[in-house]
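New to this one? Here is a short round of questions and answers to help you find your way around.

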Amino acid sequence: QLGLKTETLGHMIHFFEEVDSTQRIAAKLAYEGAPEGTLVVAEEQKAGRGRLDRKWFSPQGTGIWMSLILRPPIPPQQAPQLTLLVAVAVSQAIQEVTGLVPDIKWPNDILLHGKKCAGILTELQADPDRVRSVIIGIGMNVNQTSTQFPEDIRAIATSLAIEKGERMKRAPLIQEILLQLERLYKQYLEHGFRPIKLLWEGYAVSIGKPVTARTLDGVMRGIARGITDDGLLILEDEQNQLHYIHSADIQL
Ligand code: BT5
């Protein structure tokens, strides 16, 4: 019923009215051997997750809450590339459907006018040398009004409807996300991360600017210089030392 135009992504769809988290369900399916392209979509998540077990607010019927299984033939250290690839695909889809041009804040925030409209969560099932599966979680606020966001995130969150000034259908958006994702993923498998990196840099807001990175090891300030070929953020500190950051929250 999604009217997909993709070749493989989303051809097996598990649809739920209500789940705890589509990530958990997709991870279980992946573990049980579900093929690449398997998609889990829910109308509502009761325990939607962000990174580091943060909450992802996923109310009924207003957004896209979905998880996709990929099985790329890559070593685990290249997995951060996929987060960036998905961020580009989501940005392109938003642009295609709404005409609005999003910004990407490394690694996984999609912003419209400085507020977060979508987030990406990449989780791995991997051996030391090889990825078994990557569960790509995509959360996108589509039709929320600002008062429908919980107070603690109202100032930082937005929806496509708020920015566009009109409500929109979710199925064509899912279709477009999968289409862009499939195109980029094919390109990635054939030509590597370089072409994706260039596209990513075109959407990135933080590059060349001073940022504060909160990592598990502490807080680091510096200028974001770009991303490595593995998808890590390059941060230059005041002593002109370069740091390579795997996962962090970035404040502009
Ligand atoms: C993310 O984490 O941005 C990843 C979000 C991934 C959600 C999808 S939905 C489908 C799949 N199933 C899941 O259970 N998860 C994935 P992070 O960068 O850690 O950002 C989390 C932070 O964003 C929270 O701490 C809040 O501050 C904020 N936040 C929570 N819900 C939000 C929302 N709906 N819109 C904008 N910001 C939100």
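Q: How many helices and strands does the protein chain have?
A: Keep in mind that you're looking at a predicted model. Counting along the protein chain, you get six helices and twelve strands.

Q: Why can the protein chain be called as compact as a globular protein of its length?
A: For 252 residues the globule rule gives 18 Å. The radius of gyration of the protein chain is close to that, so it is as compact as a globular protein of that length. The value for the chain itself is 17 Å.

Q: What percentage of the 252 residues in the protein chain is buried?
A: A residue goes in the buried group if 20 or more other C-beta atoms lie within 10 Å of its own. In the protein chain, the buried share of the 252 residues comes to 42%.

Q: In what order do the seven strands of the open sheet sit?
A: The pairing in this open sheet is mixed, and the twist from one strand to the next averages 20°. β1 (13-19) and β4 (103-105) are at the edges, each with a single partner strand, so one side of each has no neighbour in the sheet. Reading across from one edge strand to the other, the order is β1-β2-β3-β7-β6-β5-β4.

Q: Which residue of β7 stands opposite threonine 122?
A: Strand β6 (residues 115-127) and strand β7 (residues 130-141) run antiparallel, with ten bridges joining them. Look across from threonine 122 into β7 and you'll find isoleucine 136.

Q: Which helix packs on the sheet, touching β1, β2, β3, β6 and β7?
A: Its direction makes about 20° with that of β3 (63-70). It covers residues 22-31, and its name is helix α1.

Q: Are α2 and α6 parallel, perpendicular or oblique to each other?
A: The axes of helix α2 (residues 79-98) and helix α6 (residues 194-203) come within 9 Å and cross at roughly 60°. Leu84, Leu85, Ala87, Val88 and Ser91 of α2 make the contact with Ile196, Leu199, Trp200 and Tyr203 of α6. α2 passes α6 in a left-handed crossing. An angle of 65 to 115 degrees would count as roughly perpendicular and one under 35 as roughly parallel, so at roughly 60° the pair is oblique.

Q: Is phenylalanine 16 buried, exposed or partly exposed?
A: You'll find phenylalanine 16 in strand β1, its C-alpha atom 6.5 Å from that of glutamate 43, although the two are 27 residues apart along the chain. Buried takes 20 or more C-beta neighbours and exposed 12 or fewer. Phenylalanine 16 has 15 inside 10 Å, so it counts as partly exposed.

Notes
Residues numbered from 1 in each chain as written. Predicted model: local features only at pLDDT ≥ 70, side-chain atom pairs only at ≥ 80, totals over all residues. Helix = DSSP H or I, 4+ residues; strand = E, 2+ residues; numbered from the N terminus. Rg over C-alpha atoms; globule rule 2.2 N^0.38 Å. Pairing = 2+ DSSP bridges. Axes fitted to C-alpha atoms, helices over the stretch in contact; angles between N-to-C directions. Contact = placed C-beta atoms within 7 Å. Parallel < 35°, antiparallel > 145°, perpendicular 65-115°, else oblique. Left-handed = near helix turned anticlockwise from the far one by under 90°.
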